[in-house]
Amino acid sequence: MEKVVVGMSGGVDSSVAAYLLQKQGYEVIGITMQIWQDEDVCSMEENGGCCGLSAVEDARRVASVLDIPYYVMNFKQEFRDNVIDYFVGEYLQARTPNPCIACNRYVKWEALLKRSLDIGASYIATGHYASIDKLPNGRFSIKKSVTQAKDQTYALYNLTQHQLSHTLMPVGAFEKDKIRELAKELKLPVANKPDSQEICFVPDNDYAGFIANYLEEKRQKRSDVSTDGDKQFQGMLPGNYVNTAGEIIGKHRGLIHYTVGQRKGLGIAMGQPAFVVELRPESNEVVIGGANEVFSDRLIANRLNFMAIEDLDGEMVVDAKIRYSHKGARATIKRTGPDEILCIFEEPQRAITPGQAVVFYDGDYVVGGGTIIK
Amino acid sequence: MDKKIYLDNAATTKTRPEVVEAMLPYFTDLYGNPSSVYEFATQNKKAVDEARETIAKAMGAEISEIYFTGSGTEADNWALKATADAYAAKGNHIITSKIEHHAILHTCEYLQKHGVEVTYIDVDENGILKLDELEKAIRPTTILISVMFANNEIGTIQPIKEIGAIAKKHNVLFHTDAVQAFGQLEINVDDFGIDMMSASAHKLNGPKGIGFLYIRKGIKIRSLIHGGAQERQRRAGTENVPGIVGFGKAVEIALETMEERTKKEIMLRNLLMKRVLEEIPFVRVNGDKVRRLPNNANFSFQFIEGESLLIMLDMKNICGSSGSACTSGSLDPSHVLLAIGLPHEVAHGSLRLTVSEDITEEDINYTVDRVKEIVEKLRQMSPLYEDFMKKR
């Protein structure tokens with residue numbers, strides 16, 4: 001019997017995923033990944049415990065109902081190195097990161113898959129609404145789910161062929177309603193948590209406060225890091241707002257507080273709606289412009305990963321998605337460097353944001369994607 | 001092999017059948033509340049007193065110096081918090097070690113947030129407290145030294161007598177967390193200069209949910225739990241009569257069998273360590289070779305994740321542990337292994353196996369064979385190991 005490790009969160013989707021695989025005849029092992037937890041016990045008490053623990057308890061109950069072995073694995077170090085450090089680093093360089101993508105690639109897949117293979121499993125499985133197909137060209141790609149409203153492929157574009165070939169997504173073949181129904185029928189004790197839009201490790205969505213705390217903690221632990229004048233902390237220093245003509249029009253609070261397309265919380269009056277058009281780390285400036293100045297018809301991306309194709313020859317017409325909530329827009333992509341791509345949209349798109357991922361689709365399949373640099 | 005091989009006796013132990021038998025009547029027939037006036041309840045009061053006497057005698061204490069608690073952790077919390085409170089007029093400084101159980105360390109962190117100053121003394125590479133540092137750390141405001149009798153992870157036994165003497169010389173109270181040691185080692189509170197001591201029944205084949213704090217007569221103590229006159233008005237809450245009776249019985253048996261049991265555990269433990277050291281490369285034993293709990297073995301295997309090793313041992317029906325169990329069951333690098341100087345990556349590949357008298361030589365041999373196979377397999381899949389072997 002082939003072994004499969006199911007990453008269990010205690011929620012409906014991963015719980016039913018475990019059940020479906022069990023029905024398909026796999027030997028299923030449940031694992032909850034412990035990735036982030038406040039290390040300060042006293043502050044944990046003040047916040048009434050940590051989110052991770054309730055997930056563990058929920059998942060453990062589900063595993064016990066399904067009668068499968070269940071373990072908690074510690075990935076705090078991997079999460080800190082690959083997700084938190086990246087998240088903070090990107091903001092400090094005036095980019096707007098997507099930590100879920102880094103978490104998927106390096107923690108949920110790389111680290112979990114490695115340890116699952118270690119303990120004798122052939123696959124890892126998740127409760128994602130997507131499916132993995134082997135295409136006629138021999139490549140693995142991710143296909144959008146039948147539950148279109150809940151498409152989760154955007155955050156998965158960065159998975160490698162090796163990772164995809166060892167991954168199962170059993171709920172992708174079903175509608176969300178059917179999965180809920182199954183959970184109810186099986187009397188699985190699952191938590192019916194709403195899907196969170198917030199970043200899991202940032203309380204109250206206050207990422208600027210989070211970054212400040214994180215850097216302060218780091219500074220206290222390592223005496224060789226200083227906050228004053230150090231380049232890596234520049235994103236926190238106040239600087240000038242400028243308009244698109246280059247004139248200084250006010251003072252900003254530090255680049256980490258801003259993202260391209262932002263309108264709220266700028267604290268300046270221009271006589272018309274004002275938006276962040278660009279962040280300039282080299283001069284510590286925030287460029288402000290009108291609504292029409294937030295639109296652009298092109299972007300450049302690097303850190304590329306291809307899925308449905310091995311590499312990009314010449315040009316290709318795709319649907320390109322520039323953020324999780326973006327519907328996707330028709331565009332042409334072509335290579336401009338060994339790890340660089342130019343993407344030109346048929347229609348200008350609003351708020352193309354450096355640091356976010358751009359993901360390319362051919363129909364329902366993920367072609368590949370990269371990180372927007374400008 | 002379908003049989004479970006339980007090698008995690010530092011986490012908890014099997015309750016002895018004799019202990020269960022002694023407890024049973026106090027659930028079914030003799031269920032009265034010891035605080036009540038009628039004859040039916042006084043039998044329970046008597047049973048509690050008898051258990052208290054057995055325990056007091058086992059450590060050379062007076063009956064009135066034993067206070068039952070809900071756990072060893074509660075006893076640790078009580079000792080620290082109550083001393084900080086009752087001796088606030090004398091000072092606000094507590095000294096402890098870097099390798100204490102979290103019941104002590106987290107309580108210290110809590111107290112630090114409430115104005116108490118805490119000094120954490122280093123240990124040497126075998127986990128033995130640095131006595132010179134301890135003595136130097138004492139200030140006029142020091143009110144308490146709390147050092148564990150024996151470590152739960154690496155089994156190292158502390159120089160308790162010397163610590164007791166230092167405490168006495170400087171007129172500082174001395175508390176020891178003896179949760180791992182009580183029932184395994186001979187303890188006499190007067191000989192060792194112990195003023196307060198925590199212990200727990202389930203570590204010595206007694207039931208879970210019952211512990212005690214020994215408090216030497218004359219020491220000022222404040223209650224941690226309020227709401228009744230139980231335990232000489234120091235620890236409120238209806239007595240856990242079956243638990244207390246079971247604790248008494250477990251101590252009685254632990255003392256009777258200590259010599260023989262310890263001999264067997266040492267033999268099994270030594271066989272385990274010898275085979276692992278001889279047959280598996282790149283492994284080290286953590287903790288002191290001599291001053292060590294009889295049932296404890298703690299290894300670090302280079303190039304592997306202890307977590308994967310534990311899961312794979314579980315698949316072979318072998319129960320082990322890596323560091324101390326945390327609430328969620330997932331593992332951080334142990335603060336004890338880091339304190340004895342292990343680098344993070346070595347601390348991650350650690351395995352603690354703690355034997356009991358129920359274990360056989362055959363069990364040990366089966367376990368070593370499996371550990372050997374699993375470590376080999378994990379190393380074959382480890383990029384770190386591959387790099388290391390290439391460089392050789």
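How many helices and strands does chain A have? Chain A has eight helices and 17 strands, where helices (H or I, at least four residues) and strands (E, at least two) are DSSP runs numbered from the N terminus.

This is a predicted model, in which local features need pLDDT of at least 70 and side-chain atom pairs count only at pLDDT 80 or more, while totals for chains, interfaces and linings use all residues. Residues are numbered from 1 along each chain as its sequence is written, chains are lettered from A and ligands numbered from 1 in the order in which they are written, and side-chain values use heavy atoms, with hydrogens and water left out.

**Chain A as a whole**

Select chain A. Of its 374 residues, 53% count as buried; buried means under 20% relative accessible area, exposed over 50%, and partly exposed in between (1.4 Å probe, protein chains only). Chain A exposes about 17400 Å², of which carbon and sulfur atoms supply 48%; accessible areas come from the Shrake-Rupley method with a 1.4 Å probe, and for residues only the protein chains shown count as cover. Among the contacts in chain A with a separation of 6 or more, 65% are between residues 24 or more positions apart, a contact being heavy atoms within 4.5 Å.

**Strand β3 of chain A**

Next, select residues 70-74 of chain A, which form strand β3. Five of the five residues are buried, so β3(A) is largely enclosed by the rest of the structure. In a regular strand the side chains alternate between the two faces of the sheet. Tyr70(A), Val72(A) and Asn74(A) lie on one side of β3(A), with Tyr71(A) and Met73(A) on the other, and both faces are covered.

Add residues 27-34 of chain A, strand β2, which pairs with β3(A) in the parallel sense over five bridges; two strands pair if DSSP finds at least two bridges between them. Opposite Met73(A) in β3(A) stands Met33(A).

**Helices α4 and α5 of chain A**

Select residues 76-92 (α4) and 99-118 (α5) of chain A. The axes of these helices come within 9 Å and cross at roughly 165°. That makes α4(A) roughly antiparallel to α5(A). Axes are lines fitted to C-alpha atoms, for helices over the stretch in contact, and angles run from 0 to 180 degrees between N-to-C directions. Angles under 35 degrees count as roughly parallel, over 145 as roughly antiparallel, 65 to 115 as roughly perpendicular and the rest as oblique.

α4(A) passes α5(A) in a right-handed crossing; a crossing is right-handed if the near helix is turned clockwise from the far one by less than a right angle, and left-handed if anticlockwise. To display the interface, show side chains including Phe79(A), Tyr86(A) and Phe87(A) from α4(A), and Cys103(A), Tyr106(A) and Arg115(A) from α5(A).

**Strand β12 of chain A and its partners**

Move to β12(A), residues 295-306, which seven bridges join to β15(A), residues 340-350, in an antiparallel arrangement. Asn302(A) has Glu340(A) in β15(A) as its bridge partner. Four bridges also join β12(A) to β17(A), residues 365-372, again antiparallel. Here Phe306(A) is the bridge partner of Gly368(A) in β17(A).

**The three-stranded sheet of chain B**

Turn to chain B, where three strands form an open antiparallel sheet in the order β9-β10-β12. The edge strands, each pairing on one side only, are β9 (283-285) and β12 (350-354). Neighbouring strands of this sheet are turned by 25° against each other on average, direction ignored. Helix α10 (residues 241-279) of chain B packs on the sheet and touches β9, β10 and β12; its direction makes about 15° with that of β10(B).

Between β9(B) and β10(B) there are three bridges, and Arg284(B) is the bridge partner of Ser300(B) in β10(B).

Centre the view on Asn296(B) in β10(B). Is this residue buried or exposed? Asn296(B) is buried, with a relative accessible area of 1%. The C-alpha atoms of Asn296(B) and Gly155(B) are separated by 5.5 Å, although the two residues are 141 residues apart along the chain. Leaving aside residues up to four places away in sequence, Asn296(B) touches residues including Asn152(B), Arg269(B) and Arg352(B).

**Helix α11 of chain B**

Finally, select residues 306-315 of chain B, helix α11. Eight of its 10 residues are buried, so α11(B) is largely enclosed by the rest of the structure. Among the buried residues are Gly306(B), Glu307(B) and Ile311(B). Just after this helix, Asn317(B) takes a positive phi of about 65°.

Add α14(B), residues 361-380: its axis and that of α11(B) come within 10 Å and cross at roughly 135°. The two helices are therefore oblique to each other, and the crossing is right-handed. Contacting residues include Leu309(B) and Met312(B) in α11(B), with Val371(B) and Ile374(B) in α14(B).
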